[in-house]
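Student: I should like to go through the assignments in this structure and ask what justifies each one. May we begin with an exposure class?

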Amino acid sequence: MDNTFIMAGVMGWPVAHSRSPIIHNHWIRQHQLRGAYGLFPVESHNLGDAIRGLKALGLAGCNLTIPHKVAAMSYMDWVQPLAQRMGAINTIVVQADGALHGFNNDGFGYLQSLRDAQPHWRADAGPIVVLGAGGAARAIVLSLMDEGATEIRLINRTFGKAQALADEFGTPVQAFDWSERHAALAGAALLVNSTNQGMHGQPELDVQLHELPMTALVSDAIYVPLETPLLAAARQRGNATVNGLGMLLNQARPAFHAWFGVMPDIDDTLVKALTKTL
Ligand code: NAP
């Protein structure tokens with residue numbers, strides 16, 4: 001019998017709010033593995049020491065959350081090309097020889113959450129509107145591009161950031177001014193909120209859905225609350241919706257696979273356990 005005890009965790013500051021331990025420890029129990037997933041409160045000035053400590057402590061790796069997703073890249077021996085394009089990593093996997101490999105699974109999680117909701121969903125079904133141009137938007141836009149999206153209308157409160165992303169990513173991304181956010185929904189097949197507006201403690205997202213086709217899928221990266229005012233408005237007018245919980249759950253799956261050797265599934269018990277904390 002293999003007696004290896006496998007440890008992983010999440011580094012962040014603050015980190016106490018992270019739901020990742022609920023997810024990974026559920027899968028550890030479900031698959032009867034010997035291991036644990038913990039919370040590592042790491043301040044920015046300690047990040048280098050903490051990451052080097054992964055190997056010294058014999059950890060399988062870790063997740064990274066705010067504010068470490070960008071800074072952690074510089075300590076990697078290798079970074080997945082997709083994560084390089086995203087400019088951030090959310091997962092470190094310690095290799096057998098001690099080398100540190102960096103990955104970003106947020107885009108995978110986002111696409112998978114759409115497919116879980118609509119198995120026949122396609123990125124090339126029509127124009128996509130993405131609101132926001134921060135870290136979540138980078139991951140979402142790149143993964144939609146790699147999936148074959150033909151037209152992505154990127155709209156951000158600070159226009160310069162949307163323009164910079166459009167310049168960096170090229171076709172099919174086009175930047176629009178924030179004032180055009182209502183009209184830009186015309187003909188869209190997918191609307192994505194990747195701003196923090198509508199999150200618990202924030203004002204709701206100021207966007208009117210009149211122009212949005214009833215066939216459009218509406219998704220929000222936010223998962224607290226599970227149904228943002230945007231998703232509630234979309235549901236009430238008859239659009240299909242996807243909340244941010246699926247993105248969170250699905251981004252964890254490839255990391256768990258890399259550390260524990262099992263590709264886990266998302267079951268009702270896990271969704272219920274997580275939902276109770278939201
Ligand atoms: P970020 O990098 O700080 O970006 C925040 C975005 O929100 C920027 O585009 C910002 O626009 C916009 N914004 C802020 N205040 C606004 C306002 N008053 N009106 C309009 N836009 C405003 O944050 P992030 O990491 O991308 O995260 C964004 C959201 O995604 C958060 O709610 C986070 O919880 C969620 N998220 C979810 C997952 C998941 O797994 N489900 C993963 C990552 C993130 P400016 O450029 O103008 O400031």
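Tutor: Certainly; please note that this is a predicted model. Arg235 has a relative accessibility of 45% and is classed as partly exposed.

Student: Why is Arg235 called partly exposed?

Tutor: Buried requires under 20% and exposed requires over 50%. The 45% of Arg235 lies in between, so the residue is partly exposed. Glu227, at 36%, is partly exposed as well.

Student: What makes the pairing of Arg235 and Glu227 a salt bridge?

Tutor: The criterion is a side-chain nitrogen of Lys or Arg within 4 Å of a carboxyl oxygen of Asp or Glu. For Arg235 and Glu227 the N to O value is 2.6 Å, so the criterion is met. Under this rule the model has nine salt bridges.

Student: How do you know that Arg181 is buried?

Tutor: Its relative accessibility is 8%. The limit for buried is under 20%, so Arg181 qualifies. Its salt-bridge partner is Asp206, at 2.9 Å from N to O. Because Arg181 sits in the loop between strands E9 and E10, and Asp206 in the loop between E10 and strand E11, the pair ties together parts 25 residues apart in sequence. Asp206, with 46%, is partly exposed.

Student: Why is the pair of Asp146 and Arg85 counted as a salt bridge?

Tutor: The closest N and O atoms of Asp146 and Arg85 are 2.9 Å apart. The cut-off is 4 Å, so the pair is counted. Asp146 belongs to helix H5 (residues 135-146) and Arg85 to helix H3 (residues 81-86), so this bridge links parts that are 61 residues apart in sequence. Asp146 is partly exposed at 45%, and Arg85 is partly exposed at 35%.

Student: Which residues touch the most other members of the largest nonpolar core?

Tutor: They are Tyr110, Val130, Leu144, Ile152 and Leu190, in a core of 31 residues. Helix H4, strand E7, H5, strand E8, helix H6, E9 and E10 each give two or more residues to this core. H5 gives the most, with seven residues.

Student: What does Leu190 contact, leaving aside neighbours within four places in sequence?

Tutor: Its contacts include Tyr110, Leu114, Trp121, Leu144 and Leu217. Apart from this core lies another, of 19 residues, among them Ile28, Leu245, Ala252 and Phe260.

Definitions and conventions: Residues are numbered from 1 along each chain as its sequence is written. This is a predicted model: local features need pLDDT of at least 70, side-chain atom pairs count only at pLDDT 80 or more; totals for chains, interfaces and linings use all residues. Side-chain values use heavy atoms; hydrogens and water are left out. Helices (H or I, at least four residues) and strands (E, at least two) are DSSP runs, numbered from the N terminus. Buried means under 20% relative accessible area, exposed over 50%, partly exposed in between (1.4 Å probe, protein chains only). A nonpolar core is a set of buried Ala, Val, Leu, Ile, Met, Phe, Trp, Tyr and Cys residues joined through side-chain atoms within 4.5 Å. Contact means heavy atoms within 4.5 Å.
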